[in-house]
Amino acid sequence: MLKVFSTLLTHIERPLYTSIMAKSKFEYVKSFEIEDKVLPNCWIVVRIDGQHFHKFSDKHKFEKPNDIRALKLMNKAAIRVMSEFKDISISYGQSDEYSFVLRKDTQLYNRRGSKIMTYINSLFTSSYVYYWKEYFEDKKLLYPPSFDSRIVLYPTDENIRDYLSWRQADCHINNLYNTTFWTLIQKGGLTNVEAEQRLCGTFSSDKNEILFTDFGINYNNEDEIYKKGTILLKKRITHPRSGKKRQVILPLHEDLIGNKFWALNSEILDIKSPEFYEWNGDLPKEILIQLHIYDENDEKMESNG
Ligand SMILES: Nc1nc2c(ncn2[C@@H]2O[C@H](COP(=O)(O)OP(=O)(O)OP(=O)(O)O)[C@@H](O)[C@H]2O)c(=O)[nH]1
Ligand SMILES: [Mg+2]
């Protein structure tokens, strides 16, 4: 009875208590909060990166040097983020990192940096966990992964292009190294230390040569997703069943360092609506889900498009 009475009292008193709080002597602590509105007219990059993924990938027995399931899970989480935050005009991911580029005129959360960064990071992280079982069906998630994040502002179009080029060049350098390193171990029988010594001081051309001469591997023929990473772009494509134009987020694995990419996708820097994209070949599952042709919950193709 006493408990019921005190609960009632708490409910009755709450509005009064709140208004007293607003004027309490503690109110001054609010002034310690820092205004973190980011500069206007700058491209906003939010980059997230897996914490201790060296250990995380070991514990979950990721395939070496690349585990396609892990990369596709990263892409899935990033597509989720991009579909939620409409002002992200392009995203780029490789390994355990993803960069989200918000258009320079965005007014998202009044350009409050910490709001933008933490919402993107938490949605990405929860999506990574949420969709884990879709990609690692037989593998249990052993502990909760986490991602760090940062915000970087780029004032010019050249800066944002160079930023994305930097990340893609990093992908290429790491992938060439990792591919050669793990080939020396898996196919050449070297130990980790021996492989590291063999690659010490080598240039890209040397690594290409080792792969080709010693193992008959032409690096150029490796999968594009490993060599180039993943670019996520909003585009309009033709729905394969209705024939109507539909906007989707496309995962692309192509060069973004050269001018060709920026000429073909000029809407990114011009801040315009998504352009039409002629997709050649079969649409991947990630796009079929967005077109509601593939039901990700039922894990089957829908019969009526
Ligand atoms: N085997 C395997 N490992 C991967 C794959 N993708 C990412 N990783 C691992 O994730 C690491 C990512 O690099 P970093 O971000 O520099 O390393 P980290 O251990 O996450 O360190 P911090 O980011 O500083 O916490 C790589 O070095 C790999 O060990 C993959 O597809 N396969
Ligand atoms: Mg990391």
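Are K235 and E267 buried or exposed? K235 is buried, and E267 is buried as well. The close-up views below come back to this pair and then visit other parts of the structure, which is a predicted model.

**View 1. A salt bridge joins K235 and E267.** Let us begin with the two residues from the opening question. The closest N and O atoms of K235 and E267 are 2.8 Å apart. K235 belongs to strand 5, while E267 belongs to helix 11 (residues 267–270), so this contact ties together parts that are 32 residues apart in sequence. As you look at the two side chains, keep in mind that both residues are buried.

**View 2. Strand 5 pairs with strand 2 and with strand 6.** Follow strand 5 (residues 230–238) here: seven of its nine residues are buried, so the rest of the structure largely encloses this strand. With strand 2 (residues 88–94), strand 5 pairs in the antiparallel sense over four bridges. To find this pairing, look for I90, whose bridge partner in strand 5 is L233. With strand 6 (residues 245–252), strand 5 also pairs in the antiparallel sense, over eight bridges. A good pair to look for is I231 with its bridge partner in strand 6, L252. Strand 5 and strand 6 form a hairpin with six residues between them. In the turn of that hairpin, G243 has a positive phi of about 80 degrees.

**View 3. Strand 2 and strand 3 form a hairpin with two residues between the strands.** Strand 2 has seven of its seven residues buried, so it is largely enclosed by the rest of the structure. Six bridges join strand 2 to strand 3, and the two run antiparallel. You can meet I90 again in this view, since its bridge partner in strand 3 is V101. Between strand 2 and strand 3 (97–102) comes the loop that holds S95. S95 has a phi near 50 degrees, which is a positive value in a residue other than glycine.

**View 4. E97, R167 and D170 are linked in a network of salt bridges.** Within this network, E97 forms a salt bridge with R167, and their closest N and O atoms are 2.8 Å apart. E97 lies in strand 3 and R167 in helix 6 (residues 157–186), so the pair ties together parts that are 70 residues apart in sequence. E97 is buried, with a relative accessible area of 6%. R167 is buried too, and its relative accessible area is 6%. For the wider picture, the count of salt bridges comes to 14.

**View 5. K272 and D270 meet in a salt bridge.** Here the N to O distance between the side chains is 4.0 Å. K272 is exposed, with a relative accessible area of 56%. D270 counts as partly exposed, at 44% relative accessibility.

**View 6. D49, G50 and D96 coordinate the magnesium ion (ligand 2).** The contacts are made through OD of D49, O of G50 and OD of D96, at 2.1 to 2.2 Å. Why is the arrangement of the donor atoms around the magnesium ion octahedral? The six donor atoms subtend angles of 82 to 176 degrees, which makes the arrangement octahedral. In sequence, the donor residues are spaced D-G-x45-D. D49 counts as partly exposed, at 21% relative accessibility, whereas G50 is buried, with a relative accessible area of 6%.

**View 7. Y28, V29 and F32 make a nonpolar surface patch.** The patch covers about 370 Å². F32 can be found in the loop between helix 1 (2–22) and strand 1 (43–50). F32 counts as exposed, at 63% relative accessibility. N41 also lies in the loop between helix 1 and strand 1. Phi of N41 is near 60 degrees, a positive value in a residue other than glycine. At 55% relative accessibility, N41 counts as exposed.

**View 8. A cis peptide bond leads from K64 to P65.** Look along the backbone here, where omega of this bond is near 0 degrees. P65 sits in the loop between helix 2 (53–59) and helix 3 (68–84).

How values were computed
Residues are numbered from 1 along each chain as its sequence is written. Chains are lettered from A and ligands numbered from 1 in the order in which they are written. Side-chain values use heavy atoms; hydrogens and water are left out. Donors are N, O and S atoms within 2.8 Å of the metal (3.2 Å for Na, K and Ca); water is not among the atoms, so sites may look incomplete. Four donors count as tetrahedral if all angles lie between 85 and 135 degrees; four count as square planar and six as octahedral if opposite donors are over 155 degrees apart and all others between 65 and 115; anything else is irregular. Buried means under 20% relative accessible area, exposed over 50%, partly exposed in between (1.4 Å probe, protein chains only). Patches are made of residues with over 30% relative accessible area and no salt bridge: like charges are joined within 9 Å, nonpolar side chains (Val, Leu, Ile, Met, Phe, Trp, Tyr) within 5 Å. Accessible areas come from the Shrake-Rupley method with a 1.4 Å probe; for residues, only the protein chains shown count as cover. Two strands pair if DSSP finds at least two bridges between them.
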